[in-house]
Amino acid sequence: MRGCCSRFTFSLITGALLVGCAGLIPPPTDADALRASARWPGTTVGALTEARRLYIDHCSGCHNLYTPASHPADKWPKLVANMAVRAKVDNRQLDRIALYLTVMAETSPPP
Ligand code: HEC
């Protein structure tokens, strides 16, 4: 059945599974920052919180926000990079958004 669903149809289906508000975009905790700092030394709750804000501000314009758990942690950097042009964010902001999603994907329950 390959080719039966257009990319557009697929987007509509996945779109229906998205969260409708920022309420399901979890705020980072001390435990998240601690875990993240093992891989990215110096990561603080403040930095992750700012990154969450960037994500909400820059990524909710065209589609509902995807929960961190909606994609595997190791896929987020590429997914975020794919949206760079659309979201009109600079590289520093992109890195932060990717960091937030990667870190939170590891703790959040499945969507
Ligand atoms: C200008 C509109 C626009 C903005 C802003 C935008 N997106 Fe998207 N996004 C889209 C469209 C259109 C699609 C579906 C088509 C596609 O995948 O290319 C999509 C799809 C996605 C997907 C699903 C991709 C997949 O293969 O499952 C993710 C994840 C995503 N966006 C994340 C983000 C993130 C993170 C940001 C902020 C950095 C962002 N988007 C900002 C338009 C946008």
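The shell around the ligand divides into nine nonpolar residues, four polar and one charged; here Ala, Val, Leu, Ile, Met, Phe, Trp, Tyr, Cys and Pro count as nonpolar, Asp, Glu, Lys and Arg as charged, and the others, Gly among them, as polar. This is a predicted model, in which local features need pLDDT of at least 70 and side-chain atom pairs count only at pLDDT 80 or more, while totals for chains, interfaces and linings use all residues. Residues are numbered from 1 along each chain as its sequence is written.

**Around the ligand**
- Which residues are the closest to the ligand? They are C59, C62, M83, R86 and A87, out of 14 that surround the ligand (C-beta atom, placed from the backbone, within 6 Å of it).
- Helix 3 (45-59), helix 4 and helix 5 each bring at least two residues to this shell.
- M83 sits in the loop between helix 4 (76-82) and helix 5 (84-87).
- M83 counts as partly exposed because it has 17 C-beta neighbours inside 10 Å; 20 or more other C-beta atoms within 10 Å would make a residue buried, and 12 or fewer exposed, with C-beta atoms placed from the backbone.

**Overall fold**
- The chain has six helices and zero strands (DSSP runs numbered from the N terminus: helices are H or I with at least four residues, strands E with at least two).
- Buried residues make up 23% of the 111 residues in the chain.

**Core and helix 6**
- The largest nonpolar core has 15 residues, and A51, Y55, I97, A98, Y100, L101 and V103 have the most contacts inside it; such a core is a set of buried Ala, Val, Leu, Ile, Met, Phe, Trp, Tyr and Cys residues joined through C-beta atoms within 7 Å.
- Helix 6 gives the most to this core, with seven residues.
- Leaving out residues up to four places away in sequence, A51 touches R96, I97, L99 and Y100 (contact means C-beta atoms, placed from the backbone, within 7 Å).
- The cover over the buried residues of helix 6 includes helix 2 (30-39), helix 3 and helix 4.
- Why does the length of helix 6 agree with expectation? At 1.5 Å a residue its 17 residues should span 24 Å, and its end C-alpha atoms are 25 Å apart; the expected span is 1.5 Å times one less than the number of residues.

**Confidence**
- Mean pLDDT for the chain is 84, and 76% of its residues reach 70 or more (pLDDT is the predictor's confidence in each residue, from 0 to 100).
- Over residues 8-20 the pLDDT is below 50, and this stretch has eleven contacts in the model beyond near neighbours in sequence.

Conventions:
Two residues are in contact if their C-beta atoms, placed from the backbone, lie within 7 Å.
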